[in-house]
Amino acid sequence: GNIVDGVIVSHLIDYNAMSATPLSKPIIQANFTFYQLIGLGASILVAKALGENAKGRVSSLFTLTIVVLLIYGLAETAIGVFCPDLIVNMVCKDVALKEYASQYIVPLLIGTPVFLAVYFLGGFTAIDGAPKLVSRAMVIDNVVNLCVDVTLIKVFGLGVMGSSIATLIGHAVAIGIML
């Protein structure tokens, strides 16, 4: 999705706009790494507990995972709302690119719970016996992202921010499918 965003913004806005997507990579990678440590690790423990028929442990691990991911996600949302320049300034030193970076990164920070939810549901849906559903949801996620990218950028004039919002909308559709 991030690669698609870069290609689309470079063609629909200008080539400098493409810089916003790679500048967001540290944030996206940090979120994915945190999910892997907490969510993926928990899904492995849940799969083991399911195999042992320990339903109480499954429930508590599932709940604990949701709580930890929610706290992390809301903390990033707060950063995105109250002090986004802190993060933007850490990943972008070029004044000419800072506006593009900010337009892409701030919605991503605010939407961190959506990113974490799509990873979380993907992992837990797969271990619950529906890996094909996860694959379909993620393909649809990216198709929606692509279509909404063009719509938000060209029709609604949201620029780079539209591309970031389109990614979140694609993830929300995938979440709906997996739910």
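**Notebook: two pockets**

I began with the second largest pocket and looked up which helices line it, finding that α3, α4 (55-82) and α7 each supply at least two residues of its lining. I kept in mind throughout that this is a predicted model.

I then asked which helix gives the most to the lining of the second largest pocket, and noted that α7 does, with three residues. Going residue by residue, I listed Val46, Leu50, Val58, Phe62, Phe124, Thr125, Ile127 and Asp128 as the lining of this pocket, and by class I recorded six nonpolar residues, one polar and one charged. For the volume of the second largest pocket I wrote down about 150 Å³.

Next I turned to the largest pocket, for which I noted about 260 Å³ of space. I found 16 residues lining the largest pocket, and the closest to its centre are Gly1, Asn2, Ile28, Phe115 and Tyr119.

I also looked up where in the chain this lining comes from, and entered six helices, α1 (2-12), α3 (25-51), α6 (95-110), α7 (112-127), α8 (131-155) and α9 (159-178), each of which supplies at least two residues to the largest pocket. The largest share of that lining, four residues, belongs to α3, a helix that I had already entered as supplying at least two residues to the lining of the second largest pocket.

My last entry concerns the classes of the residues in the lining of the largest pocket, which I recorded as eight nonpolar, six polar and two charged.

Conventions:
Residues numbered from 1 in each chain as written. Predicted model: local features only at pLDDT ≥ 70, side-chain atom pairs only at ≥ 80, totals over all residues. Heavy atoms only, no water. 1 Å grid on protein atoms, 1.4 Å probe; cavity = no way out; pocket = protein on both sides within 12 Å on 5 of 7 lines; lining within 4 Å. Points joined across faces, edges and corners; volume = space filled by probe spheres on them. Nonpolar A, V, L, I, M, F, W, Y, C, P; charged D, E, K, R; others polar.
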